[in-house]
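Visitor: Please take me closely through the side-chain pairs of this model, charged groups before rings, and keep the criteria explicit.

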Amino acid sequence: MPAVSTGVRCRSRAASTPWTQWRLALLALALAFVPAQALPTPQEQDDARLVTAADRRYRTDAVRTAAAPRIDARIDEPAWQAASPLTDFVQARPNEGEPASELTEVRLMYDAEALYVAVVAHDRSPEEIVATVLRRDAPLSTDDSFTLTLDTYHDHRRGFYFEVNPMGAKFDAQIEGEGGTSVAARLGGESFNANWDAVWYAAARITDDGWVAEIAIPFWSLRFDRDQLDVWGINFRRNIRRRSEESYWAPIPRQYGATQMSEWGVLLGLAEVSQPGNLQVKPYALGDVGELPDGTVHTDGSLGHETSTQLDAGLDVKWGATPNLTADLTYNTDFSQVEADDERINLSRFSLFFPEKREFFLENAGIFEFGTGAGASARGLVSGSVVGFHSRSLGISEDNEEVPLHGGARLTGKLGSWTLGLLSMQSRSTDDLPSNNFSVVRLRRDLGSRSTVGVLATNRQAGGHDYNRQLGLDARWAVNANTTLDAWWMQTSTPGLEGDEWAGQARLGWGTPTWQITAAVLQIGDNFNPEMGFVDRTGIRKLDGSIHWTPYPSADWIRNNSPHVNITNTTDTGGQLLSRFVHADWDTFLKRGDKVSVAINHRFERLDLPFEIFEGIVIPPGDYTFNEGNLELQSDTSRALSVGANYKVGDFWSGKYWQLRATAGLRVSPRFASSIAWNHDDVDLPQGAFTTDLFSARINYDFSTRLFLAALVQYNSTADQVLSNVRLNFIHTEGADVFLVYNERRLVEDADLIDRAVILKATHLLRF
C-alpha cells in the first residue's frame with residue numbers, strides 16, 4: 001500500500017540549536033514594538049476617518065427609505081429613484097485604467113433593518129451574457145457577476161463579500177487581512193473564508209438590454225460598531241465573462257482583487273439601524289438508516305452486515321453578545337451533512353493535510369489562523385508546513401474516524417484594535433479514546449494601518465498527565481506599501497517529550513504590480529508536537545524564496561504571463577542537507593481564461609530510514625536526485641465544454657515515472673453541470689513497478705436557487721473501493737435546510753458492499 005496519513009511526522013536526528021530558537025522568538029516580539037506605518041494626520045485629510053486616497057475620492061451617501069423594496073429584480077419602486085446611480089466603473093482587467101466596456105448603474109438605500117442594493121448591468125449583446133450557475137455558494141468566476149464588498153469597521157482588515165450572477169445565484173465570504181489577492185496571497189498571511197454563510201437575499205434576471213439584480217443584506221447578518229456607523233468601506237465589481245473584463249467603482253490595480261480593502265471607497269451617513277446584537281437558534285434533527293459490517297463472512301466470501309438506525313438531534317445557538325462580539329454555542333455537534341472528502345493517494349513519506357468542511361467550525365475561521373498555513377502542504381509542492389490550530393483535529397481522529405462531540409462554545413469579534421477568538425469543545429469518550437477538552441485562545445492587535453501582533457494558545461486536556469499545550473506569538477510589520485515582514489514562534493508541551501519542542505519562522509515579502517519576491521527561514525524542533533494543529537515534518541531548518549514576474553503584454557490574445565522560480569532548501573537542525581526543491585515555471589493566461597504552463601523541477605532527497613511507498617515496495621535509505629518536466633493545459637472553464645491536462649515525466653527516487661492529471665467539464669444549461677477527473681501514476685523502480693488510479697465523476701443539477709442535487713462517485717485503485725455520495729439540498733427558508741444524503745462504499749473486484757447509509761436531516765433558523 002502507498003504511504004498513508006497516520007499523523008506520524010518524520011524526525012531528523014540532529015540536535016537543535018537553542019540560539020536559533022531565541023532569535024526567532026525575540027524577532028516575533030520585537031516586531032510588536034516596531035513603529036508601524038503612520039496614519040495620515042488630520043491636516044492631510046478632509047475627514048479624520050477618511051484615511052486613504054480612495055476613501056477621499058470615492059464616496060457615496062446612504063439614502064434612507066421609509067418603504068423596503070421587494071427583492072424581485074424589478075427596480076420599479078419609487079424609492080429607488082431617490083438614490084442617485086453610481087456609474088463610471090473602471091477596468092482592472094484586461095485594460096487597466098480604461099472605462100468599463102458596458103455601463104453599470106448601482107443604487108443604494110437602507111432602512112432600520114437592511115442595506116439594499118440595485119444593479120442595472122447594461123449590455124449591448126444580452127444574448128452573450130454568461131450565466132451557468134444556480135447553486136448557492138458555487139464559484140461564480142465562470143459567469144457574468146456583480147460583487148458588493150463591505151468593510152463595516154472601516155479598518156481595511158476584515159470585511160464581507162457578496163456576489164450574485166444574472167440567474168440570482170449567490171456566493172458570500174468573509175475577508176481577513178485583504179485576503180484572496182494575487183500579491184497578498186504570495187506574500188502570505190491572508191484569509192478568504194468562502195465557507196462562511198450569511199442570511200441575505202438576492203434576485204436577478206436577464207433583460208433586453210443587459211441584466212438586473214437586487215440585493216438585501218440584513219444588518220443583523222453583519223458585525224459593526226454602532227458608534228461608528230458614519231463611515232463604512234464599500235466597493236462594487238462587475239465581471240463580463242466573455243471579455244474576461246473586471247471593472248470596479250473604486251478602481252483596484254490589476255495585480256490585486258476585489259478584497260483589496262485599502263483601495264475601496266466609503267459609504268457615509270448610516271444612522272439609526274437595528275441593533276446587530278441578536279439571538280439565533282438553529283436546531284437540527286436527523287434520521288440515519290444504514291448497513292454496517294458485522295464482522296462475519298458468508299460462505300460465498302461476501303461480507304456480513306447488520307442494519308443500524310439512529311435518531312439524533314442537536315442545537316446551535318448564535319448570540320450577538322455585543323455589537324462587536326458573537327457567541328456561538330453547539331450541543332451534540334453534528335457533521336452528517338458534510339460533503340465527502342476528495343480521495344487522495346499519498347506517494348510521499350509525509351502526512352497529508354485535509355481541509356475543514358464542518359459548518360460550525362467554518363465561521364470566523366480566519367481569526368484563528370496562525371503559522372505558515374496549509375497551502376504548500378495541501379498542494380504537495382514542499383514539506384515543512386506548520387498550522388498552529390487546525391479545527392479538523394477536534395472530533396476527527398488521525399485515521400479519519402469521527403469522535404463524537406458533546407458540544408462547546410466560541411466567542412469571536414473585535415474590541416477596539418483587538419481581534420478576539422475563544423473556542424472550547426468537549427469530546428465524548430470512546431472505546432479507544434478518553435474524553436478530551438480542546439481549548440483555543442487567539443488575540444491579535446492592530447498596529448497602525450496594516451501591522452499586527454498576536455498570540456495563540458491551545459490546550460488539549462484528557463485529565464491528569466494526558467495533555468498537549470501550545471503557546472505562540474506572531475507579528476506582521478508593514479514596512480511600506482510594498483513590503484511586509486512576518487514572524488511567528490510556537491512552543492509545545494507534551495508529557496514524555498522534552499527539549500526542541502518549538503518552531504518559528506521569519507518571512508520577508510516585497511511586491512509591485514509586476515514583481516513579487518519572498519524569502520523565509522523556518523525551523524521546527526525535533527519534538528515540536530502541535531496536536532491541535534498540523535505539521536508534516538519536524539527536526540528541520542528550511543530556507544525558501546520565490547520570484548514572480550507578471551507582465552501584461554499588449555497582445556490581443558494574451559492576458560498576462562507569469563514566469564516564476566521557487567527554491568526550497570531543507571536541512572536538519574545541524575545543517576545537513578535533507579531536501580532541495582527547485583521549481584521554474586512559465587504560465588501564460590489567454591484573454592478568455594485559457595492557461596498554458598511549462599515547468600521544470602529539480603529535487604534532492606536524503607532518506608535516513610526506509611519507507612514503504614506501495615505495498616511490498618520499499619525505498620531504501622540513501623541520497624536521491626531527480627528531475628522532471630511538467631506541461632499543463634487548461635481551457636476556459638466558462639465554456640460549455642472545458643478540458644484540462646497536466647502531464648509530468650521524469651526521475652522518481654531510483655527509477656522513472658510519468659503522471660497524468662486529466663479533467664473535463666460539461667455544462668449544457670444553467671441547471672446541469674458535470675465533470676470527470678482522472679489521476680494516474682505509473683512508477684517503475686528497481687524495487688518494483690506499480691500504477692495508481694483515482695477517478696471521480698461529479699453531476700450537479702440545480703432545480704432552482706433553493707433546490708440542488710449533487711452526486712460524487714470516486715474510485716481509488718489502492719483501496720480497491722468505489723465511494724458514492726449523493727446529496728439533495730433544499731433551502732426551505734434562508735439559513736435553514738433539508739438534506740437527504742446517500743453514502744455507499746463498495747469493493748471493486750467483486751462489487752461487494754462495505755457499508756451504506758441514508759440520512760435525512762432538517763435544520764430551522766429561529767430569531768429572537
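Guide: What follows begins with one charged pair and its surroundings, and then moves on to further salt bridges and to the rings. The model is predicted, so local features need pLDDT of at least 70 and side-chain atom pairs count only at pLDDT 80 or more, while totals for chains, interfaces and linings use all residues. Residues are numbered from 1 along each chain as its sequence is written, and side-chain values use heavy atoms, with hydrogens and water left out.

Side chains of opposite charge can pair when their charged atoms come close. Over the whole structure, the search finds 38 salt bridges (a side-chain nitrogen of Lys or Arg within 4 Å of a carboxyl oxygen of Asp or Glu). In one of them arginine 93 meets glutamate 246, with 2.7 Å between the closest N and O atoms. Because arginine 93 belongs to strand β3 (residues 90–93) and glutamate 246 to strand β13 (residues 245–248), this pair ties together parts that are 153 residues apart in sequence (strands, E, at least two residues, and helices, H or I, at least four, are DSSP runs numbered from the N terminus). Both arginine 93 and glutamate 246 are buried (under 20% relative accessible area, with exposed over 50% and partly exposed in between, for a 1.4 Å probe and protein chains only).

The backbone around strand β3 also deserves attention. Arginine 93 is joined to proline 94 by a cis peptide bond, with omega about 0 degrees, and proline 94 lies in the loop between β3 and β4 (104–110). In the loop between α3 (78–81) and β3 sits aspartate 88, a residue other than glycine whose phi is nevertheless positive, near 55 degrees. Aspartate 88 has a relative accessible area of 64% and is therefore exposed.

A second salt bridge joins aspartate 123 and arginine 242, whose closest N and O atoms are 2.8 Å apart. Aspartate 123 is in the loop between β5 (114–122) and β6 (145–151), and arginine 242 in the loop between β12 and β13, so parts 119 residues apart in sequence are tied together. Aspartate 123 counts as buried because its relative accessibility is 3%, and arginine 242 is buried at 15%.

In another pair, arginine 460 and aspartate 466 bring their closest N and O atoms to 3.0 Å; arginine 460 is buried, with a relative accessible area of 10%, whereas aspartate 466, at 33%, is partly exposed. Elsewhere, salt bridges with shared partners connect Arg136, Asp137, Lys170, Asp172, Asp197 and Glu734 in one network.

Turning to the rings, the whole structure holds 23 aromatic pairs (Phe, Tyr or Trp rings, the six-membered one for Trp, with centres within 6.5 Å; planes under 30 degrees apart are stacked, over 60 edge-to-face, the rest tilted). Phenylalanine 219 and tryptophan 232 are edge-to-face, at 6.1 Å centre to centre and 75 degrees between the planes. Phenylalanine 219 lies in the loop between β11 (210–218) and β12 (231–240), and tryptophan 232 in strand β12, 13 residues apart; both residues are buried.

Finally, two arginines place their charge over a ring (CZ of Arg or NZ of Lys within 6 Å of the ring centre and within 35 degrees of the ring normal). Arginine 410 sits over phenylalanine 360, 4.5 Å from the ring centre, and arginine 767 lies over the face of tryptophan 220, at 3.7 Å from the ring centre.
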